[in-house]
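Reader: Hello! I would love a close look at one part of this model, with enough of its surroundings to place it. Could you walk me through a helix pair and then the strands and sheet that go with the rest of the picture?

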Amino acid sequence: MKDLNEDQVARSANLKGMGCSRKRVEDARFTQGKGNYVDDVKLPGMLHGDFVRSPYAHARIKSIDTSKAMAVDGVIAVLTAADLAPLNLHWMPTLAGDKQMVLADGKVLFQGQEVAFVVAKDRFIAADAVELVEVDYEELPVIVNPFEALQSDVVLREDIADQKEGAHGPRKHHNHIFTWEAGEEAATNDVIDNAEVVATETMYYHRTHPCPLETCGSVASMDKVNGKLTVWGTFQAPHVVRTVASLLSGIEEHNIRVISPDIGGGFGNKVGVYPGYVCSIVASIVTGKPVKWIEDRMENLMSTAFARDYWMTGKIAATKDGKITGLHCHVTADHGAFDACADPTKFPAGFMNICTGSYDIPTAYLAVDGVYTNKAPGGVSYRCSFRVTEAVYFIERMIEVLAIELNMDAAELRRINFIKKDQFPYQSALGWEYDSGDYHTAWDKALKAVDYEGLRKEQAERVEAFKRGETRSLMGIGLSFFTEIVGAGPVKNCDILGMGMFDSCEIRIHPTGSAIARLGTISQGQGHATTFAQILASEIGLPADSITIEEGDTDTAPYGLGTYGSRSTPVAGAATALAGRKIRAKAQMIAAYLLEVHDDDLEWDIDRFVVKGAPERFKTMKEIAYAAYNQAIPGVEPGLEAVSYYDPPNMTYPFGAYVCVMDIDVDTGVQTIRRFYALDDCGTRINPMIIEGQVHGGLTEALAVALGQEIAYDDMGNVKTGTLMDFFLPTAWEVPNYETDHTVTPSPHHPIGAKGVGESPHVGGVPCFSNAVNDAFRAFGNRHTHMPHDHWRIWQTANKLGLHG
Amino acid sequence: MIPASFDYHRPSDMDGVIALLKEHGDDARVLAGGHSLIPMMKLRMAEVPHLIDLQSIESLRGISINGSRVTIGAMVTQHDIINHSELTKVAPIMRETSLQIADPQVRYMGTVGGNVANGDPGNDMPGLMQCLDATLHLVGPDGTREVAARDYYEAAYVTAREEDEVLTAISFDAPSGGYSYEKQKRKIGDYATAAAAVTIQTSGGKVSSASIAMTNLSDVPVWSEAAADALVGTACDADAIKAAVNAMLDDIDPTEDNRGPVAFKRHVAGIILTRAITRAWDRA
């Protein structure tokens with residue numbers, strides 16, 4: 001790029017385009033309590049719904065008596081499966097090719113399952129009436145362990161007990177869902193059998209929950225006069241919801257309008273379709289009145305989509321000097337009562353086959369077995385692309401275990417196995433084509449920034465001091481190097497229920513040189529209104545402050561697959577850039593006419609077209625926009641609009657290098673994070689401030705998951721962590737001061753080279769925190785301990801290692 | 001999380017409160033800061049047809065210090081305690097403990113009375129009140145009476161207070177010497193995994209008297225007389241502290257919960273008490 005002159009610098013700054021830490025335009029309303037969330041939607045005559053939920057994890061329903069509830073003044077209806085059956089809405093399809101009960105049909109399969117839906121004139125009456133619905137349950141044996149489920153005679157899913165074939169191939173057992181494989185099994189076994197060194201480990205990635213600040217909810221309003229259904233809801237994919245609603249209800253798609261208003265965090269929790277949405281829609285169709293359903297925190301934690309719950313067994317083979325030769329991974333995936341994973345349909349274990357990580361591993365094999373248990377359904381990607389957090393945790397723990405096996409430094413082991421810069425695009429053994437990367441540069445920068453050698457020296461001294469009885473504190477150094485796979489995805493292999501995972505942008509330039517752009521995505525806090533305007537500002541030369549970004553209303557926005565899996569910038573961001581380029585192409589024709597030169601005689605200069613060699617002769621985009629609407633130009637249609645649908649040629653592969661320094665009080669199990677360094681490479685950086693915010697947020701959620709956050713069940717299937725007293729959400733007090741850094745390796749196939757960043761810190765952060773805890777005890781013979789590393793589990797590790805004297 | 005319907009009362013004096021309690025009996029409960037009762041009502045674990053809010057009763061809000069005698073009204077908040085410089089001067093353990101209760105938002109509303117009266121084993125003030133040998137002042141239809149904090153707690157949520165009585169104040173003699181409130185918790189806002197309140201008085205380089213109470217390690221706060229006795233006459237050396245810890249461990253009875261199993265809690269209780277004694281001794 002040539003150097004800009006003073007005038008160009010000033011004009012460029014005025015645009016607030018890409019690379020600028022533009023303040024978030026959304027925050028004026030969010031910080032003043034002027035957001036418009038689904039619970040802010042209040043319509044005349046609106047009714048309120050509330051669920052009767054199962055107290056049991058597995059029980060037959062012998063009868064449901066709604067008469068006492070119906071007798072309450074103000075109760076309009078109590079819906080049960082029997083009421084929904086004639087509409088064929090008592091069950092619904094899941095995104096994973098399974099089906100799920102909307103309301104309990106004969107039995108319940110998890111605690112908190114929806115049994116009946118009470119509709120009343122106000123929220124309080126609804127809650128009172130819920131207490132009066134009498135359900136007669138007959139308890140059945142409960143299975144909360146997936147290994148037990150595969151051995152048990154107890155049939156959880158009686159509805160498909162006889163089906164030998166599931167949505168993803170043969171089923172081995174009545175509680176088995178699918179087996180999904182990638183790579184070469186025989187070749188991998190051969191490598192492992194003949195390897196100089198093999199490290200084996202089993203790790204449980206516990207069940208947790210995205211727990212967004214705003215819980216899930218919807219308001220459905222059926223206008224029977226005009227035949228129009230409008231649904232406001234917490235939807236990360238509003239267009240998909242519209243299509244699914246049309247297919248289920250039989251209402252033509254043009255008569256359904258789905259609106260995602262402001263959303264208070266999603267993190268994957270708001271991708272799926274929940275019984276509450278369906279019930280509010282049915283109740284509105286039945287009553288002809290708007291019906292609101294908003295779940296409370298306990299309902300959110302107990303019944304809406306969980307994350308993880310993967311038992312992963314790995315075998316990693318290497319030469320004596322540490323060159324990895326093969327990787328074998330088997331996963332037993334606990335999906336709960338229904339397979340409601342939110343993955344691209346052809347990927348029942350998401351992108352778990354990114355589990356070779358950042359390493360050049362020539363031979364690998366992965367098999368995943370999905371299993372039913374008496375737990376809530378879900379399996380969403382909590383702040384990560386599809387199952388990528390599991391994959392990266394797996395490989396980054398396996399690397400640490402291999403380092404122990406080899407008696408080698410874990411940083412060096414990573415370095416000698418990284419995919420080299422000149423190997424990109426890189427074909428992985430499990431089927432992906434990594435677009436770009438420069439791992440060695442990032443790793444060296446990170447290790448230098450934290451003085452890695454100095455840290456190891458200090459750690460060794462601490463161990464000695466501990467052995468001498470001078471301290472009761474140990475020091476852990478957590479390392480992680482991650483490669484994400486985001487931006488789903490190419491329509492040729494990524495779809496959700498048959499809908500290709502492209503995305504879109506539609507731009508209208510107004511005559512006075514401002515604009516509105518609408519996208520198929522939906523922000524849940526990511527700051528799309530800020531960053532997408534910046535992409536456009538750089539592409540079309542109008543100030544970001546003059547560009548409105550709108551998403552989430554299916555009547556106005558172009559069709560798109562929504563926001564999750566860090567796909568907004570890789571997919572919709574590309575569509576935005578390309579739509580902007582269409583605008584610019586037309587603008588060039590208009591400018592050529594106005595300047596009376598040939599199109600090719602013009603060159604683009606930040607916010608204007610300039611006649612080549614005559615910089616005093618130019619037309620600004622503002623002038624061009626006015627002319628587009630107000631001047632008859634031969635051969636050119638009036639107006640200045642463009643739309644682009646973008647089908648990405650490949651995923652993008654952001655990466656990063658993280659280091660955590662942790663002190664551990666051996667006597668109490670209390671961990672203190674002394675330092676956390678995060679280097680992220682997300683390709684081209686659109687707004688560094690927003691990237692930094694994303695990194696802080698993602699790391700904090702990683703800290704939560706690694707150090708305490710879980711959805712735990714007892715043997716009876718009772719949720720033990722159903723409130724924020726026990727479900728760990730860190731506060732500012734528990735969070736360290738993060739140090740952020742970056743390198744920039746643009747994606748070669750993305751129009752602006754951007755890769756996506758929202759989920760990287762979570763993906764890389766979880767293994768980094770976990771590795772720090774495990775590393776602290778390495779000198780005393782520790783190999784692996786399961787997350788979450790809360791106080792008592794850390795204490796237990798120290799206790800088992802005999803460190804309590 | 002929607003409570004059943006209830007009538008809300010906001011009397012302006014204690015006579016009004018007592019009259020309402022008399023009128024509604026078991027159907028009425030008084031409300032202080034609301035951090036225990038309101039969640040219980042929202043979970044429908046407590047049904048309270050008549051809720052009597054004490055916010056308008058000014059007589060429950062004062063902190064008075066008369067020599068070493070401290071009297072704190074039941075509606076004084078933890079925030080008030082933290083910011084009361086005179087109280088901090090005579091009884092700094094009140095501030096040290098209050099700063100370890102929840103977070104600033106909770107402390108703006110949470111009261112001493114609510115914390116003490118309810119009998120919730122997770123609350124921090126009951127153990128502290130036992131450590132300080134505080135007197136709890138109750139008023140009921142038959143007038144006022146006093147109960148020692150060390151006699152007040154019978155079981156979880158079961159106390160010596162009658163249904164129609166209200167806690168109006170606590171009072172205690174500010175301890176001289178060293179003090180400490182040490183607490184381990186999973187995060188800000190959590191109840192204690194283990195917590196210890198310790199006061200130590202010295203004479204001639206030895207402990208002349210001490211008091212030790214533990215929080216959330218039984219269904220009631222645990223004032224461990226034997227643990228304190230183990231320190232008396234010693235210079236708080238390692239053996240003395242170990243003896244105090246062992247005595248304390250005989251008195252507690254923790255149960256397993258999401259904070260961890262019993263063995264872990266007992267171990268942490270010992271560590272926390274060791275640290276509390278050490279700090280109190282250093283300050284004595």
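Author: Happy to help; below I start with the helix pair, then move to the strands of chain A and the sheet of chain B.

Please keep in mind that this is a predicted model. Let us begin with helix H16 of chain A, which covers residues 568–595, and helix H17 of chain A, which covers residues 621–630. Their axes come within 9 Å and cross at roughly 85°. Because of that angle, H16(A) counts as roughly perpendicular to H17(A). On the H16(A) side, the residues in the contact are Ile583(A), Ala587(A), Ile590(A), Ala591(A) and Leu594(A). They meet Met621(A), Ile624(A), Ala627(A) and Ala628(A) in H17(A). Sorted by class, this contact has 9 nonpolar residues, with no polar and no charged ones.

Now to the setting of that pair. Chain A has 20 helices and 35 strands, and its C-alpha trace spans about 85 × 75 × 50 Å along the principal axes. A compact globule with 805 residues would have a radius of gyration near 28 Å, and chain A agrees, because its own value is 28 Å. Buried residues make up 64% of the 805 residues in chain A. Among contacts in chain A between residues at least 6 apart in sequence, 79% join residues at least 24 apart.

One strand of chain A deserves a stop: S7, residues 114–120, is mostly covered, with 7 of its 7 residues buried. Strand S1 of chain A, residues 47–53, runs antiparallel to S7(A) and is joined to it by 6 bridges; here Gly49(A) stands opposite Val119(A). Strand S3 of chain A, residues 75–79, is also antiparallel to S7(A), with 4 bridges, and Val75(A) stands opposite Ala120(A).

Chain B offers a parallel arrangement: 3 strands form an open sheet in the order S1-S3-S2. Strands S1 (7–9) and S2 (28–31) of chain B stand at the edges with a single partner strand each, so one side of each is left without a neighbour in the sheet. On average, neighbouring strands of this sheet are turned by 25° against each other, direction ignored. S1(B) pairs with strand S3 of chain B, residues 50–53, in the parallel sense over 3 bridges, and Asp7(B) has His50(B) as its bridge partner. Helix H1 of chain B, residues 14–24, packs on the sheet and touches S1, S2 and S3 of chain B. The direction of H1 makes about 150° with that of S2(B).

Note on methods: Residues are numbered from 1 along each chain as its sequence is written. Chains are lettered from A and ligands numbered from 1 in the order in which they are written. This is a predicted model: local features need pLDDT of at least 70, side-chain atom pairs count only at pLDDT 80 or more; totals for chains, interfaces and linings use all residues. Side-chain values use heavy atoms; hydrogens and water are left out. Axes are lines fitted to C-alpha atoms, for helices over the stretch in contact, and angles run from 0 to 180 degrees between N-to-C directions. Helices (H or I, at least four residues) and strands (E, at least two) are DSSP runs, numbered from the N terminus. Angles under 35 degrees count as roughly parallel, over 145 as roughly antiparallel, 65 to 115 as roughly perpendicular and the rest as oblique. Contact means heavy atoms within 4.5 Å. Ala, Val, Leu, Ile, Met, Phe, Trp, Tyr, Cys and Pro count as nonpolar, Asp, Glu, Lys and Arg as charged, and the others, Gly among them, as polar. Buried means under 20% relative accessible area, exposed over 50%, partly exposed in between (1.4 Å probe, protein chains only). Two strands pair if DSSP finds at least two bridges between them. The radius of gyration is taken over C-alpha atoms; the globule rule is 2.2 Å times the number of residues to the power 0.38.
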